[in-house]
Amino acid sequence: MPKTIGVTLLALALAAGTPSAVAHSAAAEIPPAATASDRAGAIAGRYIVMLKETGTDRQEDMDEAVTAATEHASDMGAFVHHVYRHALHGYAASMTASTAAALADDPQVQSVQQDRLVRATDQSTPTGVNRVDADLSPTAAINGVDKRVNADVAVIDTGISPNHPDLNVNRSGGVNCWMPYLPPTDQNGHGTHVAGTIGALDNGIGVVGVAPGARLWPVQVLSPLGTGSTSSVLCGIDYVTQHADQIDVANMSLGGAGTDDGNCGRTNGDPMHQAICNSVAKGVTYAVAAGNAHADAKDTVPAAYNEVITVSALADFDGKPGGLAQPTCRADQDDSFADFSNYGPDVDLIAPGVCIQSTYFNGGYATMSGTSMAAPHVAGGAALYRATHPTASPSTVKAALQNAGSLNWSWPSQDGDAVKERLLRVSPF
């Protein structure tokens, strides 16, 4: 089952016990002058144009600047695919290299970056929900009665199955950035699986999520094959930022090659970093997957960004500490750092990410593994916190989750650094 998404999803997916490809590349922006080796994943003839700030906070002035810029690009023969007005100001378009070079010289243009491929990374109480103590959370109130958590979570992924009986999908919201004229309906399974871990209903059927009944916003940036582009992911972040007065948390179980310049992408021209920084500034908390290459997450974005909550994966087969359970859907050591998970100083929390059962497309359920499965546990935890602390900033949410975390898991096992990350624990919320 393919688990690749536009900006690489950080999940080692195992659907129904069948291994699929490891999704692990991220969307680092490559300028036109990059070397051939740096251009891996570049989409020929497609570019992302970021505009300089107008010097005013008036949305009308920014809108006028973006509109004028896109009209200018069209006059030069470019075909505009996406327009960004909220998380950043600019557009994505198809054009010749000479047109891209000419636009890069425009005094109103901050940078022109080549668009790139991105990929996805993937009523019983699932072991992960049990392991993070969601069943002990007073806000989650898991008891088989459908009382829904008052929080909104965007799933930036392959879409969500809108009619799944175990999910509270916001059908009046959401966007399809992969195919703008279609609804954001999941035909891959990855996004729906992520959504279920976040907020599957406590309704006596199927599974239950960390924040049962949270309103789920489908933000489709990947195709049914799990592939997409940086420009489509930017479209998703832009949509979330536009609705930052409603959306509390966003989950990004995707990633690719890149680094954090320590300046919100303004130094290295990374539009995804700029967009996420602006979105976080508007109040949206981002939970992202660390990646599945068993490498330092500093070379994977958005995992490397300081402004997000980066999540590594724990192998846990029974929902309990102690390391006594036998492996189930894949070989690993119980209650230990997953053997595929990225690690390093950029990782903020660890959460269950091996053999996670959750909702799936076409009304079904599936078991999958990967940091894509770990991140939505944290997104659900962030939703629980925001439900009782509605004005909390993303930095406050991040600190609260870290402070509540537990060190009660086996270490060092396969962890590749000298830091024992705190395991998500949501019982206080």
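A disulfide here is a pair of cysteine sulfur atoms within 2.5 Å. The model is predicted: local features need pLDDT of at least 70 and side-chain atom pairs count only at pLDDT 80 or more, while totals for chains, interfaces and linings use all residues. Residues are numbered from 1 along each chain as its sequence is written, and side-chain values use heavy atoms, with hydrogens and water left out.

**Stop 1: Cys177 and Cys235**

Select Cys177 and Cys235, which are joined by a disulfide with an S to S distance of 2.2 Å. The structure holds 3 disulfides. The link of Cys177 and Cys235 has -70° about the S-S bond and is left-handed. Cys177 sits in the loop between β8 (175-176) and α4 (190-199) and Cys235 in helix α5, so the bond ties together parts that are 58 residues apart in sequence. Helices (H or I, at least four residues) and strands (E, at least two) are DSSP runs, numbered from the N terminus. Cys177 and Cys235 are both buried, where buried means under 20% relative accessible area, exposed over 50%, and partly exposed in between (1.4 Å probe, protein chains only).

**Stop 2: helix α5**

Extend the selection from Cys235 to residues 230-242, the 13 residues of α5. From first C-alpha to last, α5 reaches 18 Å, close to the 18 Å expected at 1.5 Å a residue; the expected span is 1.5 Å times one less than the number of residues. Of the 13 residues in α5, 12 are buried, among them Thr230, Leu234, Asp238 and Thr241.

**Stop 3: the second largest pocket**

Go back to Cys177 and add His81, His82, Trp178 and Pro180: these five lie nearest the centre of the second largest pocket, which is lined by 16 residues. A pocket is found on a 1 Å grid over the protein atoms alone, as an open set of points where a 1.4 Å probe fits, with protein on both sides within 12 Å along at least five of seven lines; lining residues have an atom within 4 Å of a point. About 300 Å³ of space lies in this pocket, a volume being the space filled by probe spheres set on the grid points, which are joined across faces, edges and corners. Colour β4 next, since β4 gives the largest share of the lining, 5 residues. The lining divides into 10 nonpolar, 5 polar and 1 charged. Ala, Val, Leu, Ile, Met, Phe, Trp, Tyr, Cys and Pro count as nonpolar, Asp, Glu, Lys and Arg as charged, and the others, Gly among them, as polar.

**Stop 4: the largest pocket**

Here about 350 Å³ of space is found. Select Glu53, Met62, His86, His89 and Asn278, the closest to the centre among the 17 lining residues. Two or more lining residues come from each of β3 (42-51), α1 (59-75) and α6 (271-281). The most come from α6, with 3 residues. By class, the lining has 6 nonpolar, 6 polar and 5 charged residues.

**Stop 5: Cys264 and Cys277**

Stay on α6 and pick Cys277 with Cys264; their sulfur atoms are 2.1 Å apart in a disulfide. Cys264 lies in the loop between β12 (254-257) and α6 and Cys277 in helix α6, so the pair ties together parts 13 residues apart in sequence. The S-S torsion is about -90°, so this disulfide is left-handed. Cys264 and Cys277 are buried.

**Stop 6: Cys329 and Cys355**

Finish on Cys329 and Cys355, whose bonded sulfur atoms are 2.0 Å apart. This link is left-handed, with -100° about the S-S bond. Cys329 counts as partly exposed at 23% relative accessibility, whereas Cys355, at 10%, counts as buried.
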